[in-house]
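Here are my notes from a pass through this one, jotted down in the order I went. Have the viewer open while you read.

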Amino acid sequence: QVQLVESGGGLVQAGGSLRLSCAASGSIFTIDTMGWYRQAPGNKRETVATITSGGTTYYAESVKGRFTISRDNAKNAGYLQMNSLKPEDTAVYYCNANGHYSNARLFTSWGQGTQVTVSS
């Protein structure tokens, strides 16, 4: 089983910055894709950004130019740098990882979520 632990959420004023971290542990052979998703009250969970093991990134239009996703393959860790935060970025942010166990089986895992609140 793969465990993901997020950290770095909190309360920030509009225009401020936060950096989320996601640490993966378990019998991991490879993490193919890591991603950040968010869910605001009353809304569906949406993709924020994803990154492959080769460094290919995807961003939702709403965060392009403000958020940067990165990862450290050696540490099985992922990050989301969030700048110029807006009140509409307020949500619970979840880390996701997809990859292979050391026995070659596939896995997909979610973190427990971290709250990001942006005040106006």
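1. Asparagine 76 sits in the loop that links strand S7 (67-72) to S8. Bear in mind that we're looking at a predicted model. Asparagine 76 isn't a glycine, yet its phi is positive, at about 50 degrees. Is this residue buried or partly exposed? Asparagine 76 counts as partly exposed because its relative accessibility is 23%, and the cut-off for buried is under 20%.

2. What does asparagine 76 touch, once neighbours within four places in sequence are set aside? Its contacts are Cys22, Ala23, Ala24, Ile28 and Ile31. Now follow the chain from there to lysine 86: the two are 10 residues apart in sequence, and their C-alpha atoms are 29 Å apart in space.

3. The loop between S8 and S9 deserves a slow look. Serine 84 lies in this loop, and like the asparagine in point 1 it has a positive phi of about 50 degrees without being a glycine. With a relative accessibility of 39%, serine 84 comes out as partly exposed.

4. Next along is leucine 85, also in the loop between strand S8 (77-82) and S9. Buried or exposed? Leucine 85 has a relative accessible area of 2%, so it is buried, the limit being under 20%. Its contact list, leaving out neighbours within four places in sequence, reads Val12, Ala14, Gly15, Gly16, Ser17, Leu18, Arg66, Phe67 and Val118.

5. How far is leucine 85 from asparagine 103? In sequence they are 18 residues apart, and in space 41 Å, C-alpha to C-alpha. To put that beside the overall dimensions, the C-alpha trace spans about 50 × 25 × 25 Å along its principal axes.

6. Lysine 86 has its place in the loop between S8 and S9 as well. Its relative accessibility is 35%, so lysine 86 falls in the partly exposed class. Beyond residues up to four places away in sequence, lysine 86 touches Arg66 and Val118, and both of those names also turn up among the contacts of leucine 85.

7. From lysine 86, hop over to alanine 60. The pair is 26 residues apart in sequence and 15 Å apart in space, C-alpha to C-alpha. Alanine 60 belongs to the loop between strand S6 (57-59) and S7. With a relative accessible area of 12%, alanine 60 is buried. Thr47 and Val48 are its contacts, neighbours within four places in sequence aside. Going on from alanine 60 to serine 120 covers 60 residues in sequence and 22 Å in space, again C-alpha to C-alpha.

8. Over to a strand residue. Asparagine 96 lies in strand S9 (residues 91-101). Where does its side chain find a polar partner? The side chains of asparagine 96 and threonine 108 are joined by a polar contact of 3.5 Å. That distance sits right at the cut-off of within 3.5 Å, in case you want to check the pair yourself.

9. Asparagine 96 has a relative accessibility of 3%, so it counts as buried. Not counting residues up to four places away in sequence, asparagine 96 touches Leu4, Thr33, Met34, Gly35, Tyr37, Thr108, Ser109 and Trp110. Threonine 108, the polar partner from point 8, is thus one of the residues on that list.

10. Zooming out: what is the chain built from? The chain has 11 strands and zero helices, so in order from the N terminus it reads β-β-β-β-β-β-β-β-β-β-β. The radius of gyration is 14 Å, close to the 14 Å that the globule rule gives for 120 residues, so the chain is as compact as a globular protein of that length.

11. Some whole-chain numbers to finish. Of the 120 residues, 42% are buried. Among contacts with a separation of 6 or more, 54% are between residues 24 or more positions apart. The accessible surface is about 6200 Å², with 49% of that belonging to carbon and sulfur atoms. As for charge, there are 10 positive and 7 negative charges, and their mean positions are 2 Å apart.

How values were computed: Residues are numbered from 1 along each chain as its sequence is written. This is a predicted model: local features need pLDDT of at least 70, side-chain atom pairs count only at pLDDT 80 or more; totals for chains, interfaces and linings use all residues. Side-chain values use heavy atoms; hydrogens and water are left out. Helices (H or I, at least four residues) and strands (E, at least two) are DSSP runs, numbered from the N terminus. The radius of gyration is taken over C-alpha atoms; the globule rule is 2.2 Å times the number of residues to the power 0.38. Buried means under 20% relative accessible area, exposed over 50%, partly exposed in between (1.4 Å probe, protein chains only). Contact means heavy atoms within 4.5 Å. Accessible areas come from the Shrake-Rupley method with a 1.4 Å probe; for residues, only the protein chains shown count as cover. Lys and Arg count as positive and Asp and Glu as negative; His and the chain ends are not counted. The place of a charge is taken as NZ of Lys, CZ of Arg, CG of Asp or CD of Glu. A polar contact is a pair of N or O atoms within 3.5 Å; within protein, one must be able to donate a hydrogen and the other to accept it, and residues adjacent in sequence count only if both atoms are side-chain atoms.
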